[in-house]
Amino acid sequence: MVAPTVRLCAGPFDAAREEALLLQGRTDIGALVCFTGLCRDEAGTLAALELEHYPGMAESEIAAIAADALTRWPLQGLTVLHRYGLIRPGEKIVLVAAAARHRGEAFAAAEFLMDYLKTRAPFWKKEHRADGREGGWVEAKASDDAAAERWQE
Amino acid sequence: MKAVYFASVRERIGLTEEEISPPAGVATVAELIGWLSARGEGYAAAFANAATIRAAIDRNHARPDSPIRAAREIAFFPPMTGG
């Protein structure tokens with residue numbers, strides 16, 4: 001059974017390095033899907049996102065979602081990284097890297113992980129506006145719930 | 001038991017965490033939300049839209065009807081927006 005790498009990061013992470021680590025010394029992997037979620041500047045109006053998280057549960061919940069993915073698809077490697085704290089536009093927020101023999105499993109697992117992370121991992125985004133006015137909490141989207149529900153059949 | 005609050009719930013209540021001792025009649029997450037809501041204006045505002053508030057018991061997702069009797073830590077927060 002593959003042991004997933006799950007990590008919360010207080011600062012920027014290097015997605016290319018994580019990808020290289022996952023593939024290092026491996027000759028059995030045929031497909032690697034890496035998803036990176038980034039902080040947008042919302043047409044210049046956003047100065048930063050502040051990611052609040054529930055220490056302890058954030059790690060355990062991501063680990064549980066990763067373990068769930070491993071029961072659904074025969075993955076050969078899995079890395080999930082998630083930032084918390086202040087994140088500037090252009091910086092990466094989340095990385096999901098799923099390795100498998102074939103692309104179908106790798107694509108599906110990466111999408112499943114992102115859908116579940118968004119709706120089950122205890123993180124909350126607050127906007128810091130570029131004009132200095134008080135930003136609000138980002139609202140959860142019904143489309144994210146619908147995306148997560150697809151996997152429950 | 002310890003109650004912990006996150007994001008907008010934390011801001012409205014004005015606390016990150018506190019020790020609470022609900023009476024024996026408060027048996028579920030939904031009943032605890034009702035009991036907390038009566039503690040003051042900030043609590044009432046935090047739980048005004050109770051149907052949207054999520055809870056976790058000892059760091060596992062809970063439901064409104066989840067029993068709280070054995071809980072050491074109960075967290076309340078709005079729907080998650082990570083990823």
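How many residues does the contact take from chain B, and how many from chain A? I started with this count, keeping in mind that the model is a predicted one, and I found that 14 residues come from chain B and 22 residues from chain A.

**Entry: the chain B side of the contact.** I then looked up which elements of chain B supply this side, and noted that helix 1 (7–13) and strand 5 (73–77) of chain B are the elements that give two or more residues to the side touching chain A. Sorting that side of chain B by class, I wrote down eight nonpolar, five polar and one charged residues.

**Entry: strands of chain B.** Since strand 5 of chain B had come up at the contact, I followed its pairing and found that it runs parallel to strand 1 of chain B, with four bridges between them. Within this pair I noted Ala3(B), which stands opposite Ile74(B) of strand 5 of chain B. Strand 1 (residues 2–5) of chain B is also joined by three bridges to strand 2 (residues 17–19) of chain B, and here the two run antiparallel. For Val4(B), I recorded Glu17(B) as the bridge partner in strand 2 of chain B.

**Entry: chain A as a whole.** Turning to chain A, I counted four helices and seven strands, and I read their order from the N terminus as β-α-β-β-α-β-β-β-α-β-α. Its radius of gyration is 16 Å, close to the 15 Å that the globule rule gives for 153 residues, so I entered chain A as being as compact as a globular protein of that length. Along the principal axes, the C-alpha atoms of chain A fill a box of roughly 50 × 35 × 30 Å. I also noted that buried residues make up 33% of the 153 residues in chain A, and that, of the contacts in chain A with a separation of 6 or more, 77% are between residues 24 or more positions apart.

**Entry: positive phi outside glycine.** In chain A I looked up Ala43(A), a residue other than glycine whose phi is positive, near 55°. Ala43(A) sits in the loop between strand 2 (31–38) and strand 3 (46–53) of chain A, and it counts as exposed because it has 7 C-beta neighbours inside 10 Å, where 12 or fewer is the cut-off. In chain B I checked Arg59(B), which is not a glycine either and has a positive phi of about 70°. Arg59(B) belongs to the loop between strand 3 (54–57) and strand 4 (60–62) of chain B, and with 18 other C-beta atoms within 10 Å I entered Arg59(B) as partly exposed.

Conventions:
Residues numbered from 1 in each chain as written. Chains lettered and ligands numbered in written order. Predicted model: local features only at pLDDT ≥ 70, side-chain atom pairs only at ≥ 80, totals over all residues. Contact = placed C-beta atoms within 7 Å. Nonpolar A, V, L, I, M, F, W, Y, C, P; charged D, E, K, R; others polar. Pairing = 2+ DSSP bridges. Rg over C-alpha atoms; globule rule 2.2 N^0.38 Å. Buried ≥ 20, exposed ≤ 12 C-beta atoms within 10 Å, placed from the backbone.
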